[in-house]
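Subject: Structure for you to look through

Hello,

I am handing over the structure we talked about, and below it you will find what turned up when it was examined. Please keep the view open while you read, so that you can find each part as it is named.

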Amino acid sequence: MALIRAFENAAEAASKGGVAAFGAALGGAALVRGPLHLSTGQEAVPAGVCANLERADLLTSTHRGHGHTLAKGADATRMMCELFGRATGYNHGKGGSMHIADFSVGMLGANGVVAAGIPIAAGAAHAIRIRGGREIVACFFGDGAINRGPFLEGLNWARIYDLPVLFVCEDNRYSATTATEAMTGGEGAAARAASIGIPATTVDGNDVVAVAEAAQDLVAAVRAGKGPRLLHAITYRVKGHVSVDPASYRDATEVARAIEQDPLLIAAAKLAAMGVPEKEIASADAAAAATIAAAVSAANAAPFPETALAYTDIQDTGAGRWL
């Protein structure tokens with residue numbers, strides 16, 4: 001969680017033109033171009049879920065996917081290089097924040113289209129079933145995704161074929177700039193999953209222990225061949241929809257209350273209650289900050305992709321082949 005928080009803080013600063021706090025004075029120009037969707041305040045969900053996954057398990061993510069990607073084991077430096085548009089990034093600087101993928105850790109890719117990861121997860125899980133594998137797929141999506149067609153289609157397909165998918169609704173209360181409760185009928189993600197026969201568990205998404213314990217049971221059921229499950233993790237998006245969004249559409253009191261439920265503070269308090277020394281907790285935070293500072297420096301020094309690279313990884317629609 002500390003690594004995710006440090007990554008998001010550095011990425012946010014870079015998108016606004018300064019990351020001096022992370023060990024590099026980089027001039028003042030925005031180093032991360034395009035939309036940057038931060039998961040600050042939501043760290044307990046990916047950390048708690050991915051702690052129960054194996055390296056070979058697969059994962060699909062969202063446009064707000066840095067935390068999922070890091071929690072699955074991706075390299076922070078290669079991720080930062082991708083955000084900076086550099087050739088050493090996961091997608092050679094061509095995918096950017098919303099399209100990072102790392103097949104080596106089972107990360108099938110973030111996705112800029114809301115709910116698009118759901119049918120991809122169902123398809124990946126169906127492939128696992130056909131191959132007879134023991135892997136499972138963890139599919140992260142936001143609360144806004146449950147109002148789009150792929151949610152019903154993907155969950156229905158997974159249920160009909162009892163596919164090995166853990167659907168994770170990362171409910172941060174907002175769909176872009178609109179409170180989700182104003183545009184979602186009924187009782188939400190868990191009720192909709194249950195209505196088509198997928199058992200669902202609702203959990204405090206700011207408590208990493210609660211998330212991890214709930215995910216442990218759900219992952220075990222999915223891996224045992226009992227079919228898909230859904231975890232509804234209720235958290236909060238403390239930042240705007242994108243890094244430069246001041247989120248003036250939200251009530252300041254609401255945001256202040258949410259910040260009091262910071263997942264890292266909750267985790268630190270639990271560790272302290274278990275007898276973990278405060279200096280050990282601080283050391284973990286410092287190690288995460290150092291890792292991200294090194295990632296920022298490496299990304300800033302990395303080369304931009306050669307122009308010719310723009311003509312690779314594209315489809316020749318005339319010949320129907322990939323270049």
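Strand β4, which covers residues 165-171, is a good place to begin in this predicted model, because 7 of its 7 residues are buried and the strand is therefore largely enclosed by the rest of the structure. The covering applies to both faces of β4, with Val-165, Phe-167, Cys-169 and Asp-171 buried on one side and Leu-166, Val-168 and Glu-170 buried on the other.

Which strands pair with β4? One is strand β3 (residues 137-142), which runs parallel to β4 and is joined to it by 6 bridges, and within this pairing Val-137 lies opposite Val-165 of β4. The other is strand β8 (residues 229-234), again parallel to β4 and linked to it by 6 bridges, where Ala-233 of β8 is the bridge partner of Glu-170. If you follow the chain from β3 through helix α6 (residues 149-160) to β4, you trace a β-α-β unit that is right-handed.

The next item is the largest pocket, whose volume is about 480 Å³. Its lining is made up of 22 residues, and those nearest the centre of the pocket are Asp-171, Arg-173, Thr-180, Glu-181 and Thr-235; Asp-171 is also one of the buried residues of β4. Sorted by class, the lining contains 6 nonpolar, 9 polar and 7 charged residues, and helix α9 (residues 252-259) gives the largest share of it, with 3 residues.

You may also wonder how many disulfides the structure has. A disulfide is a covalent bond between the sulfur atoms of two cysteines, and a search of the whole structure finds 0 of them. Take Cys-50 as an example: the closest cysteine sulfur to its own belongs to Cys-139 and is 12 Å away, which is too far for a bond. Cys-50 is itself buried, with a relative accessible area of 7%, and Cys-81 is buried as well, with a value of 3%.

Finally, please look at Gly-41, which sits in the loop between α1 (2-15) and α2 (44-50). Is Gly-41 buried or exposed? With a relative accessible area of 6%, Gly-41 counts as buried, since the cut-off for that word is under 20%. The C-alpha atom of Gly-41 is 8.6 Å from that of Gln-261, although the two residues are 220 residues apart along the chain.

Best wishes

Note on methods. Residues numbered from 1 in each chain as written. Predicted model: local features only at pLDDT ≥ 70, side-chain atom pairs only at ≥ 80, totals over all residues. Heavy atoms only, no water. 1 Å grid on protein atoms, 1.4 Å probe; cavity = no way out; pocket = protein on both sides within 12 Å on 5 of 7 lines; lining within 4 Å. Points joined across faces, edges and corners; volume = space filled by probe spheres on them. Helix = DSSP H or I, 4+ residues; strand = E, 2+ residues; numbered from the N terminus. Nonpolar A, V, L, I, M, F, W, Y, C, P; charged D, E, K, R; others polar. Buried < 20%, exposed > 50% of the residue type's maximum accessible area, 1.4 Å probe, protein only. Pairing = 2+ DSSP bridges. Right-handed = clockwise from strand over helix to strand, strands pointing away. Disulfide = S-S within 2.5 Å.
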